[in-house]
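This briefing introduces one protein chain to a reader who has not met it before. Please keep the sequence and the structure in view while reading the points below.

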Amino acid sequence: MAPNTIRLAAAQMGATHRSDPRSKTLDRMLKLLDNAASQGAEVVLFPEIAFTTFFPRYLINDSDGLADWFEHGDVTKSENAGSLFDNARELGVDISVGFAEAADNGERFNSSIYYHAKSGSTLSKYRKIHLPGDFEPFADPEATNQLEKRYFKPGDLGFEAFRVPDLAGGSQPIMGMMICNDRRWTEAWRVLGLQGVEVVLCGYNTAGFAPDLWGSDKNADPKEAEETAVFHHKLVMQHGSYTNATYSVSAARCGVDDGKYSLIGGSCIAGPEGNILAEAKTVEDEIVIADCDLSLCRQGKTRTFDFARHRRIEHYKRISEQTGVVEPPKLGEAAPNGNVTNGNGTHEVVAHRAPAKKIRVLICNPNATKSMTENCVKMVEPTLPPDVEVVGFTSPPPAPSAIEGNFDNIMSAAAAARAIISVQQREGYDAILVACYSDHALIRMLREEFDVPVIGIMEASLFAARTLGARFGIVATSKRSQVMHADSVRHYGMDGFCAGIESCDLGVLDLERKPREQVLGIMQETAKRLTAKGAEVLTLGCAGMTDMKRAVEEAVGDQVRVVDGVVAGVHHLVGVVRLGGKTAKSGMYASSATGRKLRGQDYI
Ligand code: CDT
């Protein structure tokens with residue numbers, strides 16, 4: 001083999017049924033690994049969610065054992081999967097494999113790792129970013145579902161390329177991972193391409209004939225539909241490889257699962273010129289293997305696709321700033337920038353308008369615990385439209401690290417307000433969300449001080465809850481917060497709609513400090529007590545609960561709604577900003593700064 005060459009393999013896997021024991025599937029994977037190793041493979045790629053059937057096609061409630069479909073803890077050492085990595089180590093073959101990941105913090109991802117045999121370590125982990133399909137199943141019970149949006153969070157690790165030691169004559173090839181649907185997105189390839197990737201690894205489960213899923217013709221010939229799906233698969237693998245001058249390996253989970261769900265094969269290895277070097281001949285367990293000379297990536301990377309010389313990023317802004325499609329205006333109508341297109345295809349500039357400004361919301365956590373602020377921002381970011389941005393703010397000392405009573409409330413409000421005044425004067429945020437689930441003093445302080453809209457997460461979540469159901473319930477932290485929430489609900493005039501407020505009997509910081517499973521269990525029991533009292537919508541009574549929404553949803557079933565105050569608060573404020581809303585200054589919220597000035601007091 002030429003010095004810069006690696007023998008790469010895809011371990012395609014045929015049908016895996018819902019009822020197949022994991023040991024059976026693992027045995028098949030071990031056989032595939034042996035087979036690839038006997039052919040001299042140095043890296044073997046297994047499919048997406050390789051250890052089980054593709055379970056996101058089923059509607060599974062937690063009580064049906066959803067957790068059993070996931071890998072918990074370090075997958076390379078787990079009871080169900082560990083022997084695959086042990087064998088890879090013994091054989092000296094690197095492997096990359098997809099699996100459903102239950103992270104230690106309770107979040108779930110559709111993940112893959114790259115396992116380096118020589119060191120017996122995980123070199124890189126990737127969490128699938130483009131999650132296809134739906135949250136809710138189709139109404140038609142015969143339709144094939146793909147409920148990835150229900151079971152997984154979008155990946156949070158980005159498309160990070162990594163170097164692999166001990167391969168290709170020690171040249172440390174650059175590899176990257178993507179999972180299934182990611183391969184259809186040019187952006188995913190380009191982000192890896194911009195890191196000089198030489199091998200892209202992509203496992204997949206792609207439905208063959210599934211017209212509801214694809215939005216295609218229900219009367220189409222299933223065989224033709226599958227051929228089209230294979231065509232699209234190869235098209236994107238070849239295109240991505242060519243335009244980024246990289247090899248790619250793709251490994252399918254294919255065949256007909258449960259005698260009913262068809263998945264395409266087509267596992268292949270594509271070269272940097274976009275050519276297919278090897279491909280599967282069956283839709284069963286099969287090794288696809290090819291020698292890949294990485295020096296052949298140089299041609300594309302240094303000529304046609306020499307990014308540094310040819311890319312024109314000044315014209316690519318839309319790619320990172322706009323998610324959905326914004327069509328050009330109809331002929332004769334003005335675009336947002338004031339340009340009018342006439343029928344001759346020429347453009348007339350009628351006025352210059354600045355590009356649309358982003359709406360910027362400050363999420364102010366009045367306590368001094370930064371991880372809580374970060375969780376709030378993390379929770380809301382995936383829900384934001386492209387023209388909205390959130391920025392987190394954590395109160396500086398002497399703010400208390402948690403707000404559990406009136407003293408904490410006032411102390412944290414004072415510390416936060418002092419710091420926010422200069423922040424807001426400098427940054428001019430369009431709205432401020434106070435991320436403490438209470439009728440916090442800071443809310444009214446900021447309404448007096450500024451004219452941008454301000455709300456707290458409690459009031460915002462109650463507005464949302466009232467919109468979604470007739471009776472709401474609140475999952476409170478401590479017994480004291482239960483009493484305080486009751487007072488606040490009355491103050492907001494919503495007590496007539498409150499089915500109950502139940503305490504988890506936990507301190508605010510217990511939410512982070514106690515074992516995650518224990519906290520989630522307590523919250524789930526509390527939530528169930530509220531629904532038993534008639535709550536149709538639940539709100540989470542602490543900013544620290546923001547990433548626990550899914551666990552509560554699982555406990556109460558899909559007919560009860562759960563509102564997260566941070567997400568509700570940001571979107572409420574964005575709506576008010578779009579209305580042009582400003583805080584009224586004629587009464588209660590008249591400027592306190594003006595009053596201080598008149599009194600000659602500058603004590604802040
Ligand atoms: N697993 C996966 O991502 N499958 C998708 C099916 C498309 S759903 C419309 C894929 O892109 O192949």
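Not counting residues up to four places away in sequence, histidine 491 is in contact with Asp439 and Arg444. This contact is read from a predicted model, as is everything that follows. The points below begin with histidine 491, then turn to the whole chain, its cores and several further residues.

**Histidine 491**
- Histidine 491 belongs to helix α14, which covers residues 479–491.
- With a relative accessible area of 49%, histidine 491 is partly exposed, because the partly exposed class runs from 20% up to 50%.
- Alanine 543 is 52 residues away from histidine 491 along the chain, and 20 Å separate their C-alpha atoms.

**The chain as a whole**
- The protein chain contains 19 helices and 25 strands.
- Its radius of gyration is 28 Å, which agrees with the value near 25 Å that a compact globule of 604 residues would have.
- The C-alpha trace spans about 85 × 65 × 55 Å along its principal axes.
- Of the 604 residues, 52% are buried.
- Among contacts with a separation of 6 or more, 69% join residues that are 24 or more positions apart.
- The chain exposes about 27,300 Å², and carbon and sulfur atoms supply 52% of this area.
- There are 66 positive and 77 negative charges, and the mean positions of the two groups are 5 Å apart.

**Nonpolar cores**
- In soluble globular proteins, nonpolar side chains tend to be buried together.
- The largest nonpolar core in this chain has 44 residues, and Ile6, Tyr114, Met175 and Val199 have the most contacts inside it.
- Elements that each supply at least two residues of this core include the strands β1 (5–12), β8 (174–179), β9 (199–204) and β10 (247–252). The helices α4 (186–193) and α6 (222–243) also each supply at least two.
- Another core, of 36 residues, lies apart from the largest one; among its residues are Cys376, Leu433, Met458 and Leu573.
- Beyond its neighbours within four places in sequence, valine 199 has contacts that include Ile6, Leu8, Ile174 and Met175. Tyr247, Val249 and Leu294 are also among the contacts of valine 199.

**Glycine 265**
- Glycine 265 sits in the loop that connects β12 (261–263) with β13 (268–270).
- Its relative accessibility is 4%, so glycine 265 counts as buried.
- Setting aside neighbours within four places in sequence, glycine 265 is in contact with Gln12, Tyr204, His233, Ala252, Cys254 and Val283.
- Glycine 265 and glycine 14 are 251 residues apart in sequence, while their C-alpha atoms are 8.2 Å apart in space.

**Glutamate 448**
- Glutamate 448 is part of helix α12, residues 441–449.
- At 26% relative accessibility, glutamate 448 counts as partly exposed.
- Although their positions lie 141 residues apart along the chain as a sequence separation, glutamate 448 and tyrosine 589 have C-alpha atoms separated by 4.3 Å.
- Apart from residues up to four places away in sequence, glutamate 448 touches Lys585, Met588, Tyr589, Ala590, Ser591 and Ser592.

**Lysine 77**
- Lysine 77 is in the loop between β3 (71–72) and α2 (82–91).
- Its relative accessibility of 64% makes lysine 77 exposed.
- The C-alpha atoms of lysine 77 and serine 262 are separated by 32 Å, and the two residues are 185 residues apart along the chain.

**Backbone geometry**
- Most residues other than glycine have a negative phi, and most peptide bonds are trans.
- Isoleucine 49 is not a glycine, yet its phi is positive, at about 40 degrees. Isoleucine 49 lies in the loop between β2 and β3, and with 1% relative accessibility it counts as buried.
- Aspartate 258 also has a positive phi, near 55 degrees. Aspartate 258 is in the loop between β11 (255–257) and β12, and at 31% relative accessibility it counts as partly exposed.
- The peptide bond from proline 397 to proline 398 is cis, and its omega is near 10 degrees. Proline 398 lies in the loop between β19 (388–394) and α11 (406–427).

How values were computed: Residues are numbered from 1 along each chain as its sequence is written. This is a predicted model: local features need pLDDT of at least 70, side-chain atom pairs count only at pLDDT 80 or more; totals for chains, interfaces and linings use all residues. Side-chain values use heavy atoms; hydrogens and water are left out. Helices (H or I, at least four residues) and strands (E, at least two) are DSSP runs, numbered from the N terminus. The radius of gyration is taken over C-alpha atoms; the globule rule is 2.2 Å times the number of residues to the power 0.38. Buried means under 20% relative accessible area, exposed over 50%, partly exposed in between (1.4 Å probe, protein chains only). Contact means heavy atoms within 4.5 Å. Accessible areas come from the Shrake-Rupley method with a 1.4 Å probe; for residues, only the protein chains shown count as cover. Lys and Arg count as positive and Asp and Glu as negative; His and the chain ends are not counted. The place of a charge is taken as NZ of Lys, CZ of Arg, CG of Asp or CD of Glu. A nonpolar core is a set of buried Ala, Val, Leu, Ile, Met, Phe, Trp, Tyr and Cys residues joined through side-chain atoms within 4.5 Å.
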